[in-house]
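Colleague: I am new to this model and would like to hear the reason behind each label that you put on it. Could you show it to me before we begin?

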Amino acid sequence: MVARLVIAAPSSGAGKTTVATGLMAAFAGRGLAVSPHKVGPDYIDPGYHALATGRPGRNLDAYMCGTGLIAPLFAHGARGCDLAVVEGVMGLYDGAADQGELASTAQVSKLLKAPVVLVVDASSQSRSVAALVHGFASWDPEVRIGGVILNKVATDRHEHLLREALGESGVPVLGVLRRAPAVATPSRHLGLVPVAERQAAAVEAVAAQAEQVRAGCDLEALLALARSAPPLNAEPWVPEVAGRLHAGGPVAPTLPQSSAWEVPPALRDDCPPRRVAVAGGAAFTFSYAEHGELLTAAGAEVVTFDPLRDESLPEGTSGLVIGGGFPEMYGAELSANEPLRKAVAELAAAGAPIAAECAGLLYLARSLDGTPMCGVLDADARMSERLTLGYRDAVAVSDSVLAPAGARLRGHEFHRTVIEPGAGAQAAWGLRQPERRVEGFVQGGVHASYVHTHWAGAPEVAARFVARCAGGPVA
């Protein structure tokens, strides 16, 4: 049993990330082993969580992974910890569009049987705060709101009015935080600036958040609330087991039925490991911890490299994974690393498996904002004013190193770039929402797409990818 809290808010912008990260760091500073989690598909917040706790930040996404995997994935990440802190997404009851409560913070709190702490931006209200908290606490009786943390409180008088009003609500005040510029994290076109790009500044911000929480929150009451969570009867997710799932049924009850997946047999003991290079560094910061674990479980040796610094792929690379990130912020530097761009193009020409998502798609393009990229794809990318954002129900259009044609996955798009053309002669995915379209590229061993996927929801992806590395080193 792991003590646990869910940090939620009435809406985005209330200060969830500041409070959640500050709590993680404050409790870790007390010597507790803290497990950090984030509801939804967000990649950036978990980076700050990892900085606060020294453990991988992990996502809990009921849309992409299915409701049946939320508790097992949580138990996997929280194994051996004293406390788990789960940061919510958007407003408490906001989830996937037109899907009811699916993928909402409220749903995840119920699946984890975890008490909720509501973070309220109190900057423009006094007595009305009681009505707001009462409404959120009574909306769904299965959601247990165990306390409230008031954020952006102006003065002692303001705090007095807020506490007086909430005294009649039955929801205890567990913290009061003043405005503090030192805890702020800079944002840009896709949200917060990732930890990897800020380094020392990010360390200082997390330390400031921890100090603010220590000074303004009742840590003993919060820990007691976390420890009041009932036992969670869930076996931890195990990547070695998940990777051996066979076709014939969905991974979790809420996921759509897949067509027949090709799941390779278990690797023999005498098979050499397949070396899979995974792009990292400041330009490629988006990844889920479970992806590396599934690749390893499928028999791969996972090696990280930095396209901003490394002029060659890791020796013996037989497969390449390039996830999301911000290549648009580093276009000149990525382009200047011509030896690596050439190595990636040669790897693709040799037919090696390459999985590229979003930022990876841009990197494989011919150009990004007019700057030369790897030239693997006959397509050009550029920044756009339009934000593309939302969950996607995807069907594989072509057989690829990730999925057979007809297989269905759930994913997520989040970008302010466009690529022209939007799909190759062999497209990667057919998308059903918000409009029907095909997108992405399947070309030899390359699968490149804007759609981010969470492989824990379809572990066959990792198994299939590693099996396609069986030809041995090509770089």
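**Labels and their reasons**

Colleague: Why does Arg366 count as partly exposed?

Modeller: Arg366 has a relative accessibility of 39%, and partly exposed is the class between buried (under 20% relative accessible area) and exposed (over 50%), using a 1.4 Å probe and protein chains only, so Arg366 counts as partly exposed. Please keep in mind that this is a predicted model, in which local features need pLDDT of at least 70 and side-chain atom pairs count only at pLDDT 80 or more, whereas totals for chains, interfaces and linings use all residues. Residues are numbered from 1 along each chain as its sequence is written, and side-chain values use heavy atoms, with hydrogens and water left out.

Colleague: What makes Asp380 and Arg366 a salt bridge?

Modeller: The closest N and O atoms of Asp380 and Arg366 are 2.7 Å apart, and a salt bridge is a side-chain nitrogen of Lys or Arg within 4 Å of a carboxyl oxygen of Asp or Glu, so the pair meets the rule. Because Asp380 lies in strand E16 (380–396; helices, H or I, of at least four residues and strands, E, of at least two are DSSP runs, numbered from the N terminus) and Arg366 in the loop between helix H15 (359–364) and strand E14 (367–368), the pair ties together parts that are 14 residues apart in sequence. Asp380 is also partly exposed, at 27% relative accessibility.

Colleague: Which parts of the chain does the salt bridge between Arg408 and Asp393 link?

Modeller: Arg408 and Asp393 form a salt bridge, with the closest N and O atoms 3.0 Å apart. This pair links distant parts of the chain, Arg408 in strand E17 and Asp393 in strand E16, 15 residues apart. Arg408 is partly exposed with a relative accessible area of 23%, whereas Asp393, with a relative accessible area of 10%, is buried. Elsewhere, salt bridges that share partners join Asp156, Glu159, Arg163 and Arg178 into one network.

Colleague: How many salt bridges does the rule give?

Modeller: The count comes to 20. One of them joins Lys38 to Asp45, with the closest N and O atoms 3.2 Å apart, and both Lys38 and Asp45 are buried.

Colleague: Why does Asp61 have no salt bridge?

Modeller: Asp61 is buried, and the nearest side chain of opposite charge, Arg410, is 8.1 Å away (Lys and Arg count as positive and Asp and Glu as negative, with His and the chain ends not counted), so the 4 Å rule is not met. Asp61 lies in the loop between strand E3 (58–60) and helix H3 (62–65), and a polar atom of its side chain is 3.0 Å from the backbone nitrogen of Tyr63.

Colleague: Is Ala103 buried or exposed?

Modeller: Ala103 has 5% relative accessibility and therefore counts as buried. This residue, in the loop between strand E4 (83–87) and helix H5 (105–111), has a positive phi of about 70° although it is not a glycine. Lys113 likewise is not a glycine and has a positive phi, of about 50°, but at 40% relative accessibility it counts as partly exposed.

Colleague: What makes the peptide bond from Glu420 to Pro421 cis?

Modeller: Its omega is near 0°. Pro421 lies in the loop between strand E17 (408–420) and strand E18 (429–431).

How values were computed: A polar contact is a pair of N or O atoms within 3.5 Å; within protein, one must be able to donate a hydrogen and the other to accept it, and residues adjacent in sequence count only if both atoms are side-chain atoms.
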